[in-house]
Amino acid sequence: MIEFRAVRKQYPNGTVAVDELSLSVETGTITVLVGPSGCGKTTLMRMVNRMIDPSSGTVSVDGTDVRDRDPAQLRRGIGYVIQQAGLFPHRTVIDNIATVPLLAGETRRAARDRAGELLDLVGLPADLGKRYPAQLSGGQQQRVGVARALAADPPVLLMDEPFSAVDPVVREGLQDELLRLQDELGKTVLFVTHDIDEAIKLGEKVAVLRQGGHLAQYARPDDLLAAPADDFVTSFVGRDRGYRRLSFADATSLRPRPVPTVRVGERFPSSRDWRLAVDEGNRPRGWLPPGTDAGEALDEQALVAGGSLHVEHGNLRGALDAALSAPSGLGVVVASDGGVVGVVTADEVLSLLDRQRAAT
Ligand SMILES: Nc1ncnc2c1ncn2[C@@H]1O[C@H](COP(=O)(O)OP(=O)(O)OP(=O)(O)O)[C@@H](O)[C@H]1O
């Protein structure tokens with residue numbers, strides 16, 4: 001567990017970056033520090049590995065005050081990932097990752113083998129290992145940064161805006177990858193971001209900080225959306241929080257119903273209902289509008305593009321979005337292999353939500 005107790009940091013120029021802040025980060029969870037620029041997130045995080053010492057108060061890791069630890073030894077147990085990955089430009093990817101195991105006294109061979117395993121763990125192909133950082137995309141560099149931080153198998157990982165320099169699509173992929181890794185590794189992760197959506201997606205708990213290094217609220221993301229502590233948190237959490245909160249509502253008891261389907265490339269009768277077009281693997285291809293004249297073989301040209309797909313047993317946000325974005329008003333539910341399970345309407349999703357609310 002990482003524990004901040006009445007921590008205060010005043011820089012020599014008088015700036016109070018963190019003010020009497022207390023917070024516990026549970027072992028094996030991702031905790032996110034979020035807040036506007038300059039609210040003290042980085043200062044707070046750097047106190048954990050003693051890059052910054054508090055002016056007063058204590059920071060402890062697993063019960064020991066970090067000031068009683070030798071900084072070099074302390075940092076061996078704490079991985080650190082920063083924006084732009086911070087890789088050594090003149091070392092290959094493999095050598096970048098192998099740096100820490102080498103420093104820890106492993107043989108060159110063992111360190112490189114470990115680096116190879118880590119490349120695989122963060123989802124990069126082995127042949128990228130020979131390249132230099134400048135020969136990788138931003139997202140790949142960031143993965144290497146994560147691999148390097150994991151190289152010494154530290155129980156604690158500090159991540160300071162690690163994904164903010166990449167485009168939104170790559171960023172989403174990196175976030176998913178981090179959640180997958182965390183399922184496997186169960187590290188104690190402290191993650192800094194100024195993006196509330198990233199915080200809500202990644203954090204088991206989220207600490208919202210405001211100017212002057214004050215803790216505005218420390219809560220589970222669902223509770224942050226449901227009950228922001230004050231006006232600052234409400235405005236920081238932003239719009240659509242009721243809708244976004246649906247991400248935390250369980251959709252396992254949603255019962256999709258059957259939908260008439262037509263197969264692309266096969267003959268089809270006319271009908272007054274919307275029909276879902278599927279391919280040979282029963283995967284959705286689009287919707288056939290009511291009243292389309294019966295034809296010889298269904299051509300994809302006749303289809304209207306479908307809405308988003310809801311993967312079975314996901315959350316109610318995905319289910320509602322599938323229904324709202326479908327031209328037929330019928331949200332398509334698919335299994336994990338992409339095959340159609342059935343459809344749900346927005347009404348059905350909202351009724352389930354009402355039943356869940358009544359049951360709590
Ligand atoms: N070495 C320093 N000397 C003086 N003031 C500093 C120093 N480092 C940070 N500060 C100030 O302390 C405050 C908190 O800075 P910090 O970097 O911790 O914030 P942050 O929330 O991480 O910001 P950002 O999101 O912009 O990275 C800011 O007002 C900053 O200007």
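Trainee: Which residues of α5 are called buried, and what makes a residue buried?

Mentor: A residue is buried if 20 or more other C-beta atoms, placed from the backbone, lie within 10 Å of its own (12 or fewer: exposed; in between: partly exposed). In α5 this applies to Q140, Q141, Q142, R143, V144, G145, V146, A147, R148, A149 and L150. That is 11 of the 13 residues of α5, which is therefore mostly covered. The model is predicted, and local features need pLDDT of at least 70, side-chain atom pairs 80 or more, while totals for chains, interfaces and linings use all residues. Numbering starts from 1 along each chain as its sequence is written.

Trainee: How do you know that the span of helix α5 agrees with its number of residues?

Mentor: Helices (H or I, at least four residues) and strands (E, at least two) are DSSP runs, numbered from the N terminus. The expected span is 1.5 Å times one less than the number of residues. For residues 138-150 that gives 18 Å, and the end C-alpha atoms are 19 Å apart, so the two agree.

Trainee: What do the buried residues of α5 pack against?

Mentor: They pack against strands β6 (78-82) and β7 (156-160), and against helices α3 (93-103), α4 (108-121) and α6 (168-185). Contact here requires C-beta atoms, placed from the backbone, within 7 Å.

Trainee: What makes a nonpolar core, and which residues have the most contacts inside the largest one?

Mentor: A core is a set of buried Ala, Val, Leu, Ile, Met, Phe, Trp, Tyr and Cys residues joined through C-beta atoms within 7 Å. The largest has 65 residues, and L33, V48, I97, A147, L158 and L190 have the most contacts inside it. Apart from it lies another core, of 29 residues, including L254 and V332.

Trainee: Which residues does L190 touch?

Mentor: Leaving out residues up to four places away in sequence, L190 touches I2, V25, T31, L33, M45, V48 and L158.

Trainee: How many residues surround the ligand, and of which class are they?

Mentor: The shell holds 13 residues, with Y11, A17, S37, T42 and T43 the closest; the cut-off is a C-beta atom, placed from the backbone, within 6 Å. Helix α1 (residues 41-46) gives the largest share, three residues. Three are nonpolar, nine polar and one charged, where Ala, Val, Leu, Ile, Met, Phe, Trp, Tyr, Cys and Pro count as nonpolar, Asp, Glu, Lys and Arg as charged, and the others, Gly among them, as polar.

Trainee: Where do the domain bounds come from?

Mentor: From an automatic or database domain assignment. The assignment gives domain 1 (2-238) and domain 2 (261-359), with C-alpha centres 40 Å apart.

Technical notes. Two residues are in contact if their C-beta atoms, placed from the backbone, lie within 7 Å.
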